[in-house]
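Thank you all for coming. I would like to walk through one structure this morning, beginning with the ligand site and then turning to the packing of the interior.

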Amino acid sequence: MKDLKVTIPDGILARLEKHAKEHNMSTSDAVTLMLSHMFGSFNTARPAIDPARSQREGARTDPRLDWWREAKFGMFIHWGLYAIPAGKWHGHEIPGIGEWIMYRAEIPVAEYEKLAADFNPVKFDAAEWVGLAKRAGQKYLVLTTKHHDGFCLFKSRHTDYNIVDATPFKRDVVKELAEECKRQGIKMGFYYSQTQDWHHPDGDGNYWDYDATKQNFDSYIHDFVIPQLEELLTQYGPVGLIWFDTPKSITQEQSQDLLDAVYKLQPDCLVCGRLGNGLGDYASAGDNKIPGSRVELDWETPATINDTWGFKTNDPNWKSSEDLIRKLIDIASKGGNYLLNVGPTAEGIIPEPSVKRLEDMGAWLAANGDAVYGTKAGPVQDVAWCRTTAKNGVVYLHVFEWPSDGKITVPGLTAKSATLLATGEKLDISAGGDTVHGPTSAPDPVATVIAIETA
Ligand code: H79
């Protein structure tokens, strides 16, 4: 412990003091907490996946996950009332992720609720959204049926705060998307915020309307969350998975009760590790976090194309198609799935930059999908210029940096045959099998896949 004199900008100090007050701690403790959080997120020794969000015992070999292991790539959709303010409240830009606007601007329930009267996404077309996922090569789709703001995109008997009862639109978009997914052969999953609910008087997170000491969180779980899960699991046909989020301090018993409620109605429905307490079917990496190397779990990275999940007018920080394709390869090479988000507008339109990038990914996958779908982590790890995936005795070498002499020396592999996956062209290999002879310029500057049969 050492006393340091530091200068903290007024804006940050004000927020620290506010946080300290809310959490009953000294400002100095709040500073220490902030610093330890910052260093925590830089500390590479930390496990990439929080054990509390890992997969339950036995799930690693559970055949219920086989479709999900095959799928590798899914579409996440964050859509709700927050698409209307789209990052601005009373003319002010609210920093951070768009779907958190109610929290960041501390908007009272009574005021935020009024957005429902303006939610009329007349351009919404389930066939178009699902068609885009198909074109992108995505095999499952996960929709925010209820995010932290508590608004439901499905008809519910347990609250009027839902798209059918509270908006002029009146259409159950969960139903329309579920039917369309079935028609187009995509697995449908439901995101459901089980802990945070800033609208429900007993839900977690809304400190500006509700007094936490007077809340009954257990009643919220048993009298609201479980009945709503029952609706989601009985009204829309087979559900591929439930994507819980931010478990926070949900107890082991409460997580278990949610898991039992899901399995009771749909035994084949998977449950994301963010259920909490290590009880999910598959593990979840942090938002936009990719582990440094192979992870021997069934796991997934949920991620954004720009920086927000829910639509914001002002978030132009779009990742390039090359970056996204390489992230998909990187994740697959480490044994994971990529759940890539789109945030449709309040009119129901998926932003054009997202559409363009997803179509680019789909074009790459149309030629190279064999090297992604159904693969496991490859044998070569921790090499900067390439990634590997593997399936049925074939190693797929994804080359990011193509050598100018076309000679690719495969670290630790002895090749028996080598083929350019996209064209089927056979490549020569050196006598020892450690070097593949390809063309002198990269066949695909984003990532060229060589399918290698090993000795
Ligand atoms: O649904 C997406 C996010 O809304 C959700 N997970 C993904 C899939 C999520 N919930 N919590 N978090 C992400 C962590 C949020 C942290 C922050 Fe904030 C919200 C940082 C800035 C806004 C909390 C509020 C910390 C600072 C202000």
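**The ligand site and the cores**

The shell around the ligand divides into six nonpolar, four polar and five charged residues, where Ala, Val, Leu, Ile, Met, Phe, Trp, Tyr, Cys and Pro count as nonpolar, Asp, Glu, Lys and Arg as charged, and the others, Gly among them, as polar. Please keep in mind that this is a predicted model, in which local features need pLDDT of at least 70 and side-chain atom pairs count only at pLDDT 80 or more, while totals for chains, interfaces and linings use all residues. Residues are numbered from 1 along each chain as its sequence is written, and side-chain values use heavy atoms, with hydrogens and water left out.

Of the 15 residues that surround the ligand, the closest are His78, Glu99, His147, Asp245 and Asp287, a residue being counted if one of its heavy atoms lies within 4 Å. His78 places a polar side-chain atom 2.6 Å from a ligand oxygen atom. For Asp245, a side-chain N or O atom is 2.8 Å from a nitrogen atom of the ligand, and for Asp287 a polar side-chain atom lies 2.9 Å from a ligand nitrogen atom.

Turning to the interior, the largest nonpolar core has 102 residues, with Ile242 and Leu358 making the most contacts inside it; such a core is a set of buried (under 20% relative accessible area, 1.4 Å probe, protein chains only) Ala, Val, Leu, Ile, Met, Phe, Trp, Tyr and Cys residues joined through side-chain atoms within 4.5 Å. Apart from this core lies another, of 16 residues, including Val380 and Trp402.

Key:
Buried means under 20% relative accessible area, exposed over 50%, partly exposed in between (1.4 Å probe, protein chains only). A polar contact is a pair of N or O atoms within 3.5 Å; within protein, one must be able to donate a hydrogen and the other to accept it, and residues adjacent in sequence count only if both atoms are side-chain atoms.
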